[in-house]
Amino acid sequence: MVRHNWLLYLVLLLVCSLWILPVQGQELRHPRGQDFRPIQTSEAQVVNGQTYVVNTTGYVGGDCTTTCSLPRAIEVANSDGDTDLIIFNLPGSGIHIHSVSSGLRIREPVVIDATTQPGYDGTPLFELRASMSGIPDGIYVEDTSSISFDPTLTVTIKGLAITGFDAGT
């Protein structure tokens, strides 16, 4: 009798697992018709805006068409309302360090993908570093929606080292 109980529990576990897991390409739905809120992942985030290429650790202005730093790419990406992509292509090898005296504010959906830096092999090659103590955050997301939290404000950051900020140390 004890043997049959564990077998019954195993069958129930399998049935419940199949009920919860969606078929690829379908949304997860409750059997009573209620929607589950999907979890956002970097693969699910759709880029429908511009692509900006970070190619300097210096401070630059302009629209990032020729020379672009990470802070400037974020500023420009904050101005168009689309989900933009920021990729990296800094000259030279090794770790590239960009020191900032204040945190970088993200106000619009964006994908920051430092894994695109040539030579990336799983270890970050771009470091955002605090230039002095007392800076609480290196990057922070600022929801500017006046009514409530904006669920479309999705931010993905991959392969970026963020060091020396007070909140993270």
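Me: What is the mean pLDDT of the protein chain, and what share of its residues reach 70 or more?

Reply: Good place to start, since this is a predicted model. The mean pLDDT of the protein chain is 75, with 66% of residues at 70 or more.

Me: Where is confidence lowest, and where is it highest?

Reply: Look at individual elements rather than the mean alone. Helix 1 (residues 2-20) has the lowest confidence, with a mean of 44, while strand 2 (residues 84-88) has the highest, at 95. Over residues 6-44, pLDDT stays under 50. For that stretch the model has 16 contacts beyond four places in sequence.

Me: How should I treat a stretch like that?

Reply: Here is the general idea: where pLDDT is low, predicted coordinates should not be read in detail. Residues 6-44, with pLDDT under 50, are a case in point.

Me: How many helices and strands does the protein chain have?

Reply: Count the elements, then read their order. There are two helices and nine strands in the protein chain. Along the sequence, they follow the pattern α-β-α-β-β-β-β-β-β-β-β.

Me: Which strands form the open sheet, and in what order?

Reply: Order in a sheet is given by which strand pairs with which. Three strands make up an open sheet, ordered 3-6-9, and their pairing is parallel. At the edges are strand 3 (96-100) and strand 9 (160-163), each pairing on one side only. From one strand to the next, the twist averages 20 degrees.

Me: How many bridges join strand 6 and strand 9?

Reply: Strand 6 (residues 126-130) pairs with strand 9 over four bridges, in the parallel sense. You can find one of the partnerships yourself: Phe126 has Leu160 in strand 9 as its bridge partner.

Me: What do contacts and surface tell me about the whole chain?

Reply: They show how residues far apart in sequence meet, and what is left uncovered. Of the contacts between residues at least 6 apart in sequence, 76% join residues at least 24 apart. Buried residues account for 29% of the 169 residues in the protein chain. The chain exposes about 10900 Å², and carbon and sulfur atoms supply 56% of that area.

Me: Could we try a single residue? Is Ser69 buried or exposed?

Reply: Compare its relative accessible area with the cut-off. Ser69 counts as buried because its relative accessible area is 1%, and buried means under 20%. Ser69 sits in the loop between strand 1 (51-54) and helix 2 (70-77).

Me: Which residues is Ser69 in contact with, leaving aside neighbours within four places in sequence?

Reply: Those contacts are Val54, Thr56, Gly58, Val60 and His98. Try locating each one around Ser69 in the structure above.

Notes
Residues numbered from 1 in each chain as written. Predicted model: local features only at pLDDT ≥ 70, side-chain atom pairs only at ≥ 80, totals over all residues. Heavy atoms only, no water. Buried < 20%, exposed > 50% of the residue type's maximum accessible area, 1.4 Å probe, protein only. Contact = heavy atoms within 4.5 Å. pLDDT = per-residue confidence, 0-100. Areas by Shrake-Rupley, 256 points an atom, 1.4 Å probe, with all protein chains shown as cover. Pairing = 2+ DSSP bridges. Axes fitted to C-alpha atoms, helices over the stretch in contact; angles between N-to-C directions.
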